[in-house]
Amino acid sequence: MNNSLEFARTLDAADPLRAARSSFIIPVENGREQIYFLGNSLGLQPKRTASYIDKVMQQWSRHGVESFFMGDDPWINYHGHLVKPLSNILGTLPQEIVVMNQLTVNLHLMMVSFYRPEGQKRKIICEAKAFPSDQYMFESHLKALGLDPDDILIEVGPREGEHIIRNEDIISMIHQTGNDLALVLWGGINYYTGQLFDMASITDAAHSVGAKAGFDLAHAAGNVMLHLHQWNVDFACWCSYKYLNAGPGAVGAAYIHERYHNDQNIHRFAGWWGYEKETRFLMKKGFVPMRSAEGWQLSTPSPIMMASMRASLEIFEEAGFAAVYQKGQLLSDYLLFLLDDINKSSSSMIEVITPSSHNEKGCQISMLMHKNGKEIFGKLSREGVYADWREPNVIRVAPVPLYNKFEEVWHFAEILRSTI
Ligand SMILES: Cc1ncc(COP(=O)(O)O)c(C=O)c1O
């Protein structure tokens with residue numbers, strides 16, 4: 001690698017996914033395309049999304065409620081368009097996916113099924129400084145069960161003076177907690193540092209002490225390679241407005257390992273949409289769940305929201321997720337190379353807190369700014385870079401493979417270099 005514009009252009013020319021950018025609407029200001037590095041927050045809008053939603057609207061206007069069973073694309077089957085592409089991205093069986101609700105709601109629902117404190121087996125291991133919504137979920141959920149969050153939650157954080165959490169520390173806390181451990185509920189990628197965790201070894205360790213393992217994949221779904229089924233993960237939930245580009249407040253999704261689908265003893269909160277499909281409309285008393293992850297649904301799904309997810313998932317299918325992942329790694333490797341180069345001539349003003357190895361990072365790079373962070377961030381914004389600022393002094397950027405270019409990474413680094 002080198003730090004010339006020509007080199008960035010060579011990478012773009014050789015990029016097998018370069019055409020995918022034209023499937024998205026890139027924000028423009030004063031006639032200039034902006035450098036959008038916030039796919040880790042809200043992914044950009046695919047050009048086809050509006051027409052997919054419009055098809056649902058047309059069907060609604062033509063057939064009203066009968067659209068569930070009539071028209072070109074009966075809504076009763078709409079969920080089926082999403083499970084295959086999602087299972088390719090998440091590494092699951094199609095029947096292990098359910099598209100429903102939103103992330104925090106789904107975390108609560110998964111807690112109902114997979115956190116069953118019994119006797120001394122009641123501890124939960126989670127990340128220190130997990131995303132606030134996860135923290136509030138734990139706090140309120142445990143209180144609703146009459147438990148004291150301070151007694152139940154064991155947070156594992158970085159060691160003194162470090163930014164990332166060592167896998168060995170997570171595993172040793174799991175073993176140390178042993179029989180007292182009921183659940184490990186961890187993030188796939190930490191939202192602040194961008195650290196990707198070793199979900200396979202966390203799951204194995206949890207299972208070795210008879211605990212369940214679940215993951216919040218908000219920052220991992222559509223970003224890194226996942227093999228949830230193969231890793232034997234019990235459950236996971238994610239949102240689809242980040243790397244999955246399904247739009248603001250898009251419908252979320254969950255994975256539930258197939259071994260639970262026919263488990264009559266599993267607790268869950270139920271609603272009519274999770275009822276056995278063939279007999280749902282007999283409206284009988286007594287809940288009979290569908291024998292798949294769809295059995296966790298509660299309410300009537302929105303084909304409008306599912307249409308926006310479908311539009312984006314199609315682009316992933318066209319690209320192939322392995323190619324998306326590889327380009328994502330190359331983009332962040334290239335950014336790390338350029339940041340290193342800037343540091344050489346600026347007495348290391350930027351401390352990258354995201355690990356650099358492929359098995360510990362996705363697209364996001366988090367930069368701890370040692371001096372003038374706010375000013376540098378302001379300059380980036382004025383120059384047309386969408387990045388985000390996290391207190392006290394971190395700038396997060398995520399060049400994403402489906403619509404970002406290597407040349408944009410180069411421009412971003414040049415703005416940083418000139419400002420510093
Ligand atoms: C790691 C993580 N967990 C949970 C959430 C909350 O998601 P939602 O607002 O869809 O419930 C987010 C949102 O960004 C997140 O990044």
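1. Gly222, Lys242, Tyr243, Asn245, Phe316, Val324, Val400, Pro401, Leu402 and Tyr403 line the second largest cavity. The model is a predicted one. The volume of this second largest cavity is about 70 Å³. Sorted by class, its lining comprises seven nonpolar residues, two polar ones and one charged. Both domain 1 (5-33 + 320-419) and domain 2 (53-317) supply at least three residues to the lining of the second largest cavity.

2. Lys242 belongs to that cavity lining and is also among the residues surrounding the ligand. An N or O atom in the side chain of lysine 242 lies 2.9 Å from an oxygen atom of the ligand. The protein buries 82% of the 400 Å² that the ligand exposes when taken alone.

3. The rest of the ligand shell deserves a list. Besides Lys242, the ligand is surrounded by Leu103, Thr104, Phe131, Ser133, Asp134, Asp216, Ala218, His219 and Tyr241. By class the shell divides into four nonpolar, three polar and three charged residues. Two polar contacts can be added to that of lysine 242. Tyrosine 241 has a side-chain N or O atom 2.7 Å from an oxygen atom of the ligand. Aspartate 216 places a polar side-chain atom 2.7 Å from a nitrogen atom of the ligand.

4. Which elements give two or more residues to the shell around the ligand? They are helix 4 (103-114) and helix 5 (132-144). Leu103 and Thr104 of the shell fall within the bounds of helix 4 (103-114). Ser133 and Asp134, also in the shell, fall within those of helix 5 (132-144).

5. Ahead of helix 4 there is a backbone detail to check. Asparagine 101 sits in the loop that runs between strand 4 (97-99) and helix 4. Its phi is positive, near 50 degrees, in a residue other than glycine. For context, most residues other than glycine have a negative phi, and most peptide bonds are trans.

6. A second backbone point concerns a proline. The peptide bond from glutamate 391 to proline 392 is cis, with omega near 0 degrees. Proline 392 is placed in the loop between strand 14 (388-390) and strand 15 (394-397).

7. On enclosed space, the structure holds three cavities of 30 Å³ or more. The largest of them has a volume of about 90 Å³. Its lining consists of Phe68, Trp75, Ile76, His79, Trp273, Lys277, Arg280, Met290, Glu294, Gln297, Pro301 and Met306. Seven of these lining residues are nonpolar, two are polar and three are charged.

8. On open space, the largest pocket holds about 400 Å³. How many residues line the largest pocket, and which lie nearest its centre? There are 18 lining residues, and Lys129, Pro158, His163, Tyr192 and Thr193 lie nearest the centre. The lining of this pocket has ten nonpolar, five polar and three charged residues. Domain 1 (5-33 + 320-419) and domain 2 (53-317) each give at least three residues to the lining of the largest pocket.

Terms used: Residues numbered from 1 in each chain as written. Predicted model: local features only at pLDDT ≥ 70, side-chain atom pairs only at ≥ 80, totals over all residues. Heavy atoms only, no water. Near = heavy atom within 4 Å. Polar contact = N/O pair within 3.5 Å; in protein donor to acceptor, adjacent residues only side chain to side chain. Areas by Shrake-Rupley, 256 points an atom, 1.4 Å probe, with all protein chains shown as cover. Helix = DSSP H or I, 4+ residues; strand = E, 2+ residues; numbered from the N terminus. Nonpolar A, V, L, I, M, F, W, Y, C, P; charged D, E, K, R; others polar. 1 Å grid on protein atoms, 1.4 Å probe; cavity = no way out; pocket = protein on both sides within 12 Å on 5 of 7 lines; lining within 4 Å. Points joined across faces, edges and corners; volume = space filled by probe spheres on them. Domains from an automatic or database assignment.
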